[in-house]
Amino acid sequence: MSSQILQLAAQLANPRGLHPTQQWLTAFMSTQKTTTPIPALTQTALFRLLSSDITTSLSTDAVYCLPANVHDVNIKERRLQGPIVVQLVDIEDMSKSRWEQVEAIEALERGEGTKGREIIRVTATDEDDESGTNVSKGGGPHKLSLQDSRGTIVYGMELKDIQGVGLGMSIGCKMVLRNAAVARGMVLMEPANTTILGGKIEALHKAWKENRKTELKAAIEASERNG
């Protein structure tokens with residue numbers, strides 16, 4: 001492995017917690033000029049990693065992944081030392097009914113957010129879109145479905161308000177877990193143990209937006225029929 005690749009790997013690992021595979025690093029470097037400074041390479045690599053599916057770009061070494069038995073409800077509590085990078089695959093606002101979540105999604109589609117009970121117009125910038133954190137707060141706590149580089153998916157619950165977590169998050173947004181508690185198969189998330197890196201997987205985000213509202217409405221109809 002070249003010294004340039006080693007330097008790049010070090011920059012991505014500390015403090016971001018990103019550990020790309022050697023194959024990804026080699027492929028990335030093959031598209032860059034050898035004279036490009038490391039800081040510029042790091043920024044370009046970071047942008048591409050945050051836009052990637054981590055199951056194809058990041059290391060699957062056990063130390064960087066969720067435990068295989070992370071879902072075991074018989075384990076009362078344990079700690080994930082980390083850093084473990086995960087990507088968002090689903091999110092739900094636990095403070096809102098299904099109808100309220102449908103209304104919140106439709107508000108975001110119209111470019112509106114909430115400030116307390118007041119509806120405000122939110123203009124998404126290119127930077128917001130790329131970061132994956134064009135988020136309207138005011139709800140929560142949020143329940144998130146998180147996926148690691150091995151493809152393991154676990155639920156995370158927002159115990160305290162985390163800046164950047166909300167229904168406006170992009171699917172594929174990357175987060176780093178450090179010293180997070182797992183209680184009976186649920187990751188307990190708070191600002192002290194969760195860092196939002198941002199990012200977006202365009203195809204997954206588009207599919208989620210198209211399907212989420214339909215799924216919520218179907219659940220509402222099913223509940224009404226059974227109720």
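Analyst: Helices here are DSSP runs of H or I with at least four residues, strands are E runs of at least two, and both are numbered from the N terminus. With those terms, Pro15 is found in the loop between H1 and H2, and the chain as a whole has seven helices and 10 strands. This is a predicted model, in which local features need pLDDT of at least 70 and side-chain atom pairs pLDDT 80 or more, while totals for chains, interfaces and linings use all residues. Residues are numbered from 1 along each chain as its sequence is written, and side-chain values use heavy atoms, with hydrogens and water left out.

User: What makes the peptide bond from Asn14 to Pro15 worth a look?

Analyst: That bond is cis, with omega near 10 degrees. Most peptide bonds are trans, which is why a cis one catches the eye. Gly82 and Pro83 are also joined by a cis bond, with omega about 5 degrees. Pro83 sits in the loop between strand S1 (78–80) and strand S2 (84–93).

User: How do you know which residues of H1 and H2 make the contact?

Analyst: Contact means heavy atoms within 4.5 Å. On the H1 side the residues are Gln4, Ile5, Leu8, Ala9 and Leu12, and on the H2 side Leu25, Thr26, Phe28 and Met29. Seven of the residues in this contact are nonpolar, two are polar and none is charged. In this scheme Ala, Val, Leu, Ile, Met, Phe, Trp, Tyr, Cys and Pro are nonpolar, Asp, Glu, Lys and Arg are charged, and the others, Gly among them, are polar.

User: At what angle do the axes of H1 and H2 cross?

Analyst: The axes of H1 (residues 3–13) and H2 (residues 22–29) cross at roughly 115 degrees and come within 11 Å. Each axis is a line fitted to C-alpha atoms over the stretch in contact, and the angle, on a scale from 0 to 180 degrees, is taken between N-to-C directions.

User: What makes Trp24 and Phe28 a stacked pair?

Analyst: Ring centres must lie within 6.5 Å to pair (the six-membered ring is used for Trp), and planes under 30 degrees apart count as stacked, over 60 as edge-to-face, the rest as tilted. Trp24 and Phe28 are 5.4 Å centre to centre with 5 degrees between the planes, so they meet both cut-offs for stacking. By this rule the count comes to one aromatic pair. Both residues lie in H2, four residues apart, about one turn of the helix.

User: Why is Trp24 called buried?

Analyst: Trp24 has a relative accessible area of 16%, and buried means under 20%, with exposed over 50% and partly exposed in between (1.4 Å probe, protein chains only). Trp24 therefore counts as buried. Its partner Phe28, at 3%, is buried as well. Across the 227 residues of the chain, 41% are buried.

User: Why does Ser145 count as buried?

Analyst: Ser145 has a relative accessible area of 10%, so it falls in the buried class. This serine lies in strand S5 (residues 142–147). Leaving aside residues up to four places away in sequence, Ser145 touches Gln87, Leu88, Val89, Asp90, Ile153, Val154 and Tyr155.

User: How many disulfides does the structure hold?

Analyst: Zero; a disulfide would be a pair of cysteine sulfur atoms within 2.5 Å. Two cysteines are still worth a glance: Cys65 is buried at 4% relative accessibility, and Cys173 is buried at 0%.

User: What makes the phi of Asn179 stand out?

Analyst: Phi of Asn179 is near 55 degrees, a positive value in a residue other than glycine. Most residues other than glycine have a negative phi, so a positive one is noteworthy. Asn179 is in the loop between strand S7 (174–177) and strand S8 (180–183). Arg184 also has a positive phi, about 50 degrees, and its place is in the loop between S8 and strand S9 (186–189).

User: Why is Asn179 called partly exposed?

Analyst: Its relative accessibility is 46%, and therefore Asn179 belongs to the partly exposed class. Arg184 is partly exposed too, at 46%.

User: Which residues does Glu190 touch, not counting those up to four places away in sequence?

Analyst: Glu190 touches Leu159, Lys160 and Ile162. The C-alpha atoms of Glu190 and Glu158, 32 residues apart along the chain, are separated by 6.0 Å. Glu190 sits in the loop between S9 and strand S10 (194–198), and at 22% relative accessible area it is partly exposed.
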